[in-house]
Each structure stands twice: as C-alpha cells, then as structure tokens.
Amino acid sequence: MIVSLIVAIAQNGVIGKSNGEITWHVKEEFQHFKKTTFGFPILMGRKTFESLGKPLKGRLNIVISRNKFYKTGFEEVIVRSSLNEAIEYCRSLNSEKIFIIGGGEIYKQAISVVDEMIISFMKFDADGDIKFPIINNDEWRIEKIKDHELFEVFRYERKN
Ligand SMILES: NC(=O)c1ccc[n+]([C@@H]2O[C@H](COP(=O)([O-])OP(=O)(O)OC[C@H]3O[C@@H](n4cnc5c(N)ncnc54)[C@H](OP(=O)(O)O)[C@@H]3O)[C@@H](O)[C@H]2O)c1
C-alpha cells in the first residue's frame with residue numbers, strides 16, 4: 001500500500017488558519033486535488049474534517065481524533081484514534097493507495113512515515129498561522145509534474 005500525502009503550500013509556507021477559514025480559493029488546484037485523490041481513502045485530522053463540513057465524495061473519509069466518542073454525524077465516515085490506526089485500518093481493506101490530506105498537526109506526524117508527497121506550491125504568499133513542516137530535500141527524489149498559472153505540482157518520492 002502506498003501511503004501518500006497531498007498538500008498545497010503558499011510561498012511563505014502557510015497551509016491554513018487555525019480558525020478553519022479558507023486561505024485561498026484556486027479552482028484548478030481543487031480540481032487537481034479531486035482528480036488525484038478520487039477513489040482512494042483519505043485520512044484527515046478532526047479539525048480539517050470540521051472545516052470541510054461534510055465528507056468528500058467518491059472517497060472513503062477517515063477522520064483522526066483523540067476523542068474516542070467523536071461523532072462526525074455521517075455514518076459513512078470512519079473515525080480512528082491515531083494516524084497509525086487509520087493507516088492500519090486502510091491496510092486491512094487492502095487499499096492500493098491512501099492519501100493523508102491534512103491539516104497541520106497531521107502533516108507533522110505524517111511527513112516521517114509517508115512514501116510519497118504530492119505538493120502544490122502556490123505562487124503567492126497567504127495569510128495564516130498553520131505551516132507545513134520543513135522538508136529535508138535530501139530525503140526525497142523530486143519530480144515536477146505540472147505547471148499551472150497559480151501553482152506548480154511536484155511529486156516527492158522517499159529515497160530507499
Ligand atoms: N493547504 C492544504 O493543503 C491544507 C490541507 C488540509 C488542511 N489545511 C488547513 O489546515 C488547518 C487545520 O489543521 P490543524 O493543524 O489545525 O488541524 P488538523 O491536523 O486537521 O486536526 C487536528 C486534530 O486531529 C486530531 N489528531 C491530531 N493528531 C492526532 C493523533 N496523533 N491521534 C489522534 N488524533 C489526532 C486531534 O483531534 P481531537 O482534537 O478531536 O482529538 C487534533 O485536534 C485548516 O486551516 C485547514 O484549512 C490545509
């Protein structure tokens with residue numbers, strides 16, 4: 001099973017605001033996210049799920065919360081109490097690939113375990129207090145996938 005992470009990062013490292021507000025709206029980037037993740041399980045922190053407000057269609061949504069009694073209000077959404085438990089759950093389903101989709105707290109834990117990262121580098125700075133962790137480029141084989149007007153997409157594959 002390939003454990004992948006997908007993220008959009010502004011030029012100043014910002015990925016979001018802790019009050020859950022959307023920091024930018026780039027339709028093409030949302031389309032890239034949808035096309036890449038469609039059909040695969042997606043894993044996210046409880047705060048990211050709440051900022052989405054509802055599950056994303058066409059993908060098994062798995063929410064990570066320390067609260068064992070957390071209810072999403074959607075019976076098709078799975079809740080697990082750690083990143084590792086969520087990954088192991090996907091292994092038990094024999095998923096070919098899964099995507100960790102944020103947010104900041106989850107990315108911090110995921111960056112050391114994922115096999116691959118699909119990163120949209122936005123071509124602008126953004127307001128916000130949540131940043132992506134520092135990436136050590138020496139640990140990754142880096143390939144540019146696509147250039148768009150407002151962002152570039154790179155694939156990072158972990159070496160070894
Ligand atoms: N730019 C992007 O690509 C992108 C992608 C996704 C999200 N975002 C942004 O990121 C922001 C949200 O990020 P965030 O850091 O505030 O929150 P988050 O990572 O989405 O969620 C944090 C929550 O996840 C749960 N959690 C974290 N680690 C856990 C662990 N080890 N075990 C069990 N549960 C754990 C906890 O839930 P409980 O408190 O319930 O225990 C914690 O409060 C939003 O602004 C969103 O828009 C940006």
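**Exercise 1. In which loop is N94 found, and is N94 buried or exposed?**

Step 1. N94 is found in the loop between α3 (83–92) and β6. Helices (H or I, at least four residues) and strands (E, at least two) are DSSP runs, numbered from the N terminus. Residues are numbered from 1 along each chain as its sequence is written. The model is predicted: local features need pLDDT of at least 70, side-chain atom pairs count only at pLDDT 80 or more, and totals for chains, interfaces and linings use all residues.

Step 2. Look at the backbone. N94 has a positive phi of about 60° and is not a glycine. Most residues other than glycine have a negative phi.

Step 3. Count neighbours. N94 counts as exposed because it has 7 C-beta neighbours inside 10 Å. The cut-offs are 20 or more other C-beta atoms within 10 Å for buried, 12 or fewer for exposed, and partly exposed in between, with C-beta atoms placed from the backbone.

**Exercise 2. Where does N160 lie, and what is its phi?**

Step 1. N160 lies in the segment after β10 (151–158).

Step 2. Its phi is positive, about 75°, although N160 is not a glycine.

Step 3. N160 has 4 C-beta neighbours inside 10 Å, so it counts as exposed.

**Exercise 3. Which residues does I100 touch, and which strands pair with β6?**

Step 1. Leave out residues up to four places away in sequence: I100 touches L5, L43, I106, A110 and V114. Contact here means C-beta atoms, placed from the backbone, within 7 Å.

Step 2. β1 and β6 run parallel, joined by four bridges. Pairing requires at least two bridges found by DSSP. L5 stands opposite I100 in β6.

Step 3. β3 and β6 also pair in the parallel sense, over two bridges. Here L43 has I100 in β6 as its bridge partner.

Step 4. Place these residues in the largest nonpolar core, which has 33 residues; L5, V7, L43, M44 and I100 touch the most other members. β1 gives the largest share of this core, five residues. Such a core is a set of buried Ala, Val, Leu, Ile, Met, Phe, Trp, Tyr and Cys residues joined through C-beta atoms within 7 Å.

**Exercise 4. Which of the 29 residues around the ligand come nearest?**

Step 1. The nearest are G16, G45, G102, G103 and G104. A residue is near if its C-beta atom, placed from the backbone, lies within 6 Å of the molecule.

Step 2. Inspect the bond between G102 and G103: this peptide is cis, with omega about 0°. Most peptide bonds are trans. G103 sits in the loop between β6 (97–100) and α4.

How values were computed: Two residues are in contact if their C-beta atoms, placed from the backbone, lie within 7 Å.
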